[in-house]
Amino acid sequence: MNRLIERCAMLDIHKSQITACVRVPDDAGGRRQQIREFQSTTSGLLLLADWLRSWAVTVVGMESTGVYWRAVFYLLEGEFECRLYNARHLRHVPGRKSDVQDAEWGCQLVEHGLVRTSFVPPRPLRELRDLVRYRKAKIQERTREVQRVEKTLQDAGIKLSSVASEVLGVSARRMLDALISGTHDPEILAELAKGSLRRKIPALREALQGRFTGHHALLIGQMLAQIDFLDETIATLSERVEELTRPFSREIELLDTIPGIDKRAAEMLLAEIGPDMTQFPTEHHLASWAGLCPGQRESGGKKHSAATRKGSKWLRGTLTESAKAVVRTKGTYLSARYHRIKSRRGHAKATIATGHKILTAAYHVLSRGVPYNELGEEFFYRRDTENTERYRRRLVKQLERLGHQVTLEPLPEAA
């Protein structure tokens, strides 16, 4: 087997200790192997760097297990070529499992180039990624808190959400504050409505008549305080994200042209995949890395169904949300594609397939530096004459089965 890397190392990283294996040429023309353990503290990592330097190591590999690899990768990346590998690709022979054997086996795989490296963004993008992920977590936490407010109101017999479109809108928030302060008269509470909600005052009087007690006031008061705190946290994180994304304003504008992608989704996409698409040879490699491609399982000449593999949950979640948003658009290629797949495969698979297409569009938008080109919902019917004719015949047959006589006449062309 050809050897690709002369001096390499593999690190088996755990929370408190690191097992390192080095493979270098020996004087007899063979290979020399050395194994040593280090602490995962900063002083231990500095000793590890000195040890690797003493062996003139050029490539250092490590598994992407948890978050423990990050401190090691970030400290060594300035001096060595660090490569991050998927732990599933480094599995050892069953029945032989230890930290030393993991490091030995991984080092041999790195030496012969038998595993692919994972994408690790540069430092500025890593900071942006941490911020947008944390902001996303806070937004999800806020959503859960709003749902708790709604459940508590239902427990008190307050049907505010049945009348107001938003439980925490301006009018609804005034009513909740009044309830917490001790005002329980539905007439007074309903008069707090503002804007278009005032047209629903009779319905509000009915909805605000319940059994709101001090117990409910305590719970909802704490929930509203938590929501206000989360709103402040989200605003602070958004300001910092805005600063970090200024150098990539052009890329965010291009991503924003894709249906279903808003500014926050564009920031998440940029943080997860980066602005430089040269790291992915094709859009298929990007989709595979993101875990949005169907799995491949073929045996005996037969292809079997296989689920998508695991990828970034943050990227997958953003693309899924964008796919669900684009479904509600009209006259778009992505919406038409979703409905075509849904009719055959169901909602879940159609959503993932649409997210796959959005990611593919993002790849081409970033790699070419051009806005998204909308193909329209008619694309599938007009992409070639044969398919158009076949689709027309199928529709005619369906109407004939329903007992209709069909006569086709082309529309007059517009002058």
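**Exercise 1. The turns of the sheet**

How many residues lie between β2 and β3 in their hairpin, and which residue in the turn has a positive phi?

*Solution.* The structure is a predicted model, and the steps below should be read with that in mind.

Step 1. The hairpin formed by β2 and β3 has five residues between its strands, and the residue of the turn with a positive phi, of about 90°, is G29.

Step 2. The pairing on either side of this turn is antiparallel and extends over nine bridges between β2 and strand β3, residues 31-39; within it, I18 has F38 in β3 as its bridge partner.

Step 3. A hairpin is also formed by β1 and β2, here with three residues between them, and the strands concerned, β1 (residues 8-13) and β2, run antiparallel and are joined by six bridges. In this pair, A9 is placed opposite V22 of β2.

**Exercise 2. From strand pairs to the whole sheet**

Work out the order of the strands in the open sheet, and explain why β3 and β5 are each left with one side without a neighbour.

*Solution.* Strands of a sheet pair through backbone hydrogen bonds, in either a parallel or an antiparallel sense.

Step 1. Besides its pairing with β2, strand β1 pairs with strand β4 (residues 59-63), this time in the parallel sense and over four bridges, and L11 stands opposite M62 in β4.

Step 2. The open sheet has five strands in the order β3-β2-β1-β4-β5, and its pairing is mixed.

Step 3. Because β3 and β5 stand at the edges and each has a single partner strand, one side of each has no neighbour in the sheet.

Step 4. On average, and ignoring direction, neighbouring strands of this sheet are turned by 20° against each other.

**Exercise 3. Buried or exposed?**

Decide whether strand β2 is mostly covered or mostly open, and whether E37 in β3 is buried or exposed.

*Solution.* Step 1. For β2, residues 17-25, eight of the nine residues are buried, so that the strand is mostly covered.

Step 2. E37 belongs to strand β3, and its relative accessible area is 51%; since the cut-off for exposed is over 50%, E37 counts as exposed.

Step 3. Leaving out residues up to four places away in sequence, E37 touches Q17, I18 and T19. E37 also lies 9.7 Å from D99, C-alpha to C-alpha, although 62 residues separate the two in sequence.

**Exercise 4. Two residues in loops**

Locate A56 and T183, and state how the accessibility of each is classed.

*Solution.* Step 1. A56 is placed in the loop between α1 (42-54) and β4; its phi is positive, about 55°, although A56 is not a glycine. With a relative accessibility of 39%, A56 is classed as partly exposed.

Step 2. T183 is found in the loop between α5 (170-181) and α6 (186-190), and because its relative accessibility is 27%, T183 is likewise classed as partly exposed.

Step 3. When neighbours within four places in sequence are left aside, T183 is in contact with A178, I188 and L189. Between T183 and F212 the C-alpha distance is 9.7 Å, while in sequence they are 29 residues apart.

**Exercise 5. The two largest pockets**

Describe the volume and the lining of the largest pocket, and then do likewise for the second largest.

*Solution.* Step 1. The largest pocket holds about 1,500 Å³ of space and has a lining of 38 residues, among which N86, S118, F119, W289 and R309 lie nearest its centre.

Step 2. At least two residues of this lining come from each of α2 (68-76), β5 (81-85), α4 (123-155), α11 (283-290) and α12 (313-326). By character, the lining of the largest pocket comprises 14 nonpolar, 11 polar and 13 charged residues.

Step 3. For the second largest pocket, the volume is about 530 Å³; its lining has 20 residues, and those closest to its centre are P294, T308, R345, K349 and A353.

Step 4. To the lining of the second largest pocket, α11, α13 (333-345) and α14 (347-368) each supply at least two residues, with α14 giving the largest share, seven residues. This lining divides into eight nonpolar, five polar and seven charged residues.

How values were computed:
Residues are numbered from 1 along each chain as its sequence is written. This is a predicted model: local features need pLDDT of at least 70, side-chain atom pairs count only at pLDDT 80 or more; totals for chains, interfaces and linings use all residues. Side-chain values use heavy atoms; hydrogens and water are left out. On a 1 Å grid over the protein atoms alone, a cavity is a set of points where a 1.4 Å probe fits but cannot get out, and a pocket is an open set with protein on both sides within 12 Å along at least five of seven lines; lining residues have an atom within 4 Å of a point. Grid points are joined across faces, edges and corners, and a volume is the space filled by probe spheres set on the points. Ala, Val, Leu, Ile, Met, Phe, Trp, Tyr, Cys and Pro count as nonpolar, Asp, Glu, Lys and Arg as charged, and the others, Gly among them, as polar. Buried means under 20% relative accessible area, exposed over 50%, partly exposed in between (1.4 Å probe, protein chains only). Two strands pair if DSSP finds at least two bridges between them. Axes are lines fitted to C-alpha atoms, for helices over the stretch in contact, and angles run from 0 to 180 degrees between N-to-C directions. Contact means heavy atoms within 4.5 Å.
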